[in-house]
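Visitor: I would like to go through this model with you, beginning with its charged contacts. Could you set out the terms before we start?

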Amino acid sequence: MQILSIQSSVAYGHVGNSAAVFPLQRLGHEIWPVLTVHFSNHTGYGAWRGPLLPPEDVREVIAGIDDRGVLGEVDAVLSGYQGDPAVGGIILDAVARVKELNPDAVYCCDPVMGDVGRGMFVRPGIPEFMRDTVVPAADILTPNHFELDFLAGRTTSTLTEILDAVDDVRDRGPRDVLVTSVLHGDVPEGKLDVIAVSDQGAWAVETPLLPITPNGCGDVTAALYLAHLRTTGSAAEALARTTSSVFAILERTIAAGTREIQLVAAQDEIAEPPMTFVTRQLR
């Protein structure tokens, strides 16, 4: 595929495009990265340097690609953290332009807003912008459990409640939804679910809850799920491949004793997912 990925970038470590580009390339896809920031490192360190790119600069880069007459070759647009509604608007304009030129193209949105224990960590107004404006434009959505609850306007704690919340979000636009870091009453202690829902059904994979929460893992997950979903046409297969590769990346990261995810060390498991987990059909 040809994937236009509009995300942040860091020189050291792996978040945003610095987490998504290499795995997608390792799977054989062409990635056109458009940067929204270029920081020294991710903000999880508490200190960083580098520029937050003005929204108009982001627009100019996309316009320059359009000047080459190649936006119609894009098969998918991928976005993650959106720190400014103006950047979000530019992403949606790019999605509309790509779909105008290629109606078969899809938009995969990772609606980065917050997480359990941290709450919302984006600027005020961003969650509502994501919910009301960005999500309805998406074809593929990859929220975590906390973000799903916000988008659906409810708190979910059972599998039935979670699936109902996913259906509510799907009714507003995105037909394919991957929910990460899912905890509900039927998940054993020390485990978590990852759930994929499409028009064909719903599936889950149960994975061990590892003692690590590195930055960039969600960015990798969204990129891999987009790639596998579009190449296999199966949400269940994409779920199995994605969770297997991400788990392998986390195991490599733990073994390395670093807070930066080990994408290069795990590149073989990215290119050939070890299929560690078995999907179970929920409906």
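Guide: A salt bridge here is a side-chain nitrogen of Lys or Arg within 4 Å of a carboxyl oxygen of Asp or Glu. Please keep in mind that this is a predicted model.

Visitor: How far apart are the closest N and O atoms of arginine 280 and aspartate 193?

Guide: They are 2.6 Å apart, and the two residues form a salt bridge. The pair links distant parts of the chain, 87 residues apart: arginine 280 belongs to strand β11 (residues 280–281) and aspartate 193 to strand β9 (residues 191–198).

Visitor: Is aspartate 193 buried or exposed?

Guide: Aspartate 193 is buried, with a relative accessible area of 0%. Arginine 280, in contrast, counts as partly exposed at 32% relative accessibility. The cut-off for buried is under 20% relative accessible area, so aspartate 193 falls below that limit and arginine 280 does not.

Visitor: How many salt bridges does a search of the whole structure find?

Guide: The search finds 16 salt bridges. One of the pairs is aspartate 66 with arginine 97, whose closest N and O atoms are 2.9 Å apart.

Visitor: Which parts does that pair tie together?

Guide: Aspartate 66 lies in helix α2 (residues 55–67) and arginine 97 in helix α3 (residues 85–101), so the salt bridge ties together parts that are 31 residues apart in sequence. Aspartate 66 is partly exposed at 23% relative accessibility, and arginine 97 is also partly exposed, at 29%.

Visitor: And what does arginine 172 form with aspartate 168?

Guide: Those two residues form a salt bridge as well, with 2.7 Å between the closest N and O atoms. Arginine 172 has a relative accessible area of 32% and is partly exposed; aspartate 168 is partly exposed too, at 26%.

Visitor: Which residues are linked in a network of salt bridges?

Guide: The network joins Asp167, Arg170, Arg175, Asp199 and Arg283.

Visitor: Changing topic: how many helices and strands are there in the chain?

Guide: The chain contains nine helices and eleven strands. Its radius of gyration is 18 Å, close to the 19 Å that the globule rule gives for 283 residues, so the chain is as compact as a globular protein of that length. The C-alpha atoms fill a box of roughly 50 × 40 × 35 Å along the principal axes, and 52% of the residues count as buried.

Visitor: In what order do the strands of the open sheet run?

Guide: Nine strands make up the open sheet, in the order β2-β1-β3-β4-β7-β8-β9-β10-β11, with mixed pairing. The edges are β2 (30–39) and β11, each of which pairs on one side only. Arginine 280 of the first salt bridge we discussed is thus placed in an edge strand, β11.

Visitor: In what sense do β7 and β8 pair, parallel or antiparallel?

Guide: Strand β7 (residues 140–141) and strand β8 (residues 176–182) pair in the parallel sense over two bridges. Isoleucine 140 has aspartate 176 as its bridge partner in β8.

Visitor: Finally, which residues does UniProt list for the domain?

Guide: An unreviewed UniProt entry lists residues 94–258 as "domain: Pyridoxamine kinase/Phosphomethylpyrimidine kinase". Over residues 94–258 the chain is 45% helix and 20% strand, and the end C-alpha atoms are 36 Å apart.

Conventions. Residues numbered from 1 in each chain as written. Predicted model: local features only at pLDDT ≥ 70, side-chain atom pairs only at ≥ 80, totals over all residues. Heavy atoms only, no water. Helix = DSSP H or I, 4+ residues; strand = E, 2+ residues; numbered from the N terminus. Buried < 20%, exposed > 50% of the residue type's maximum accessible area, 1.4 Å probe, protein only. UniProt positions renumbered as here; feature names shortened; annotations may be inferred. Rg over C-alpha atoms; globule rule 2.2 N^0.38 Å. Pairing = 2+ DSSP bridges.
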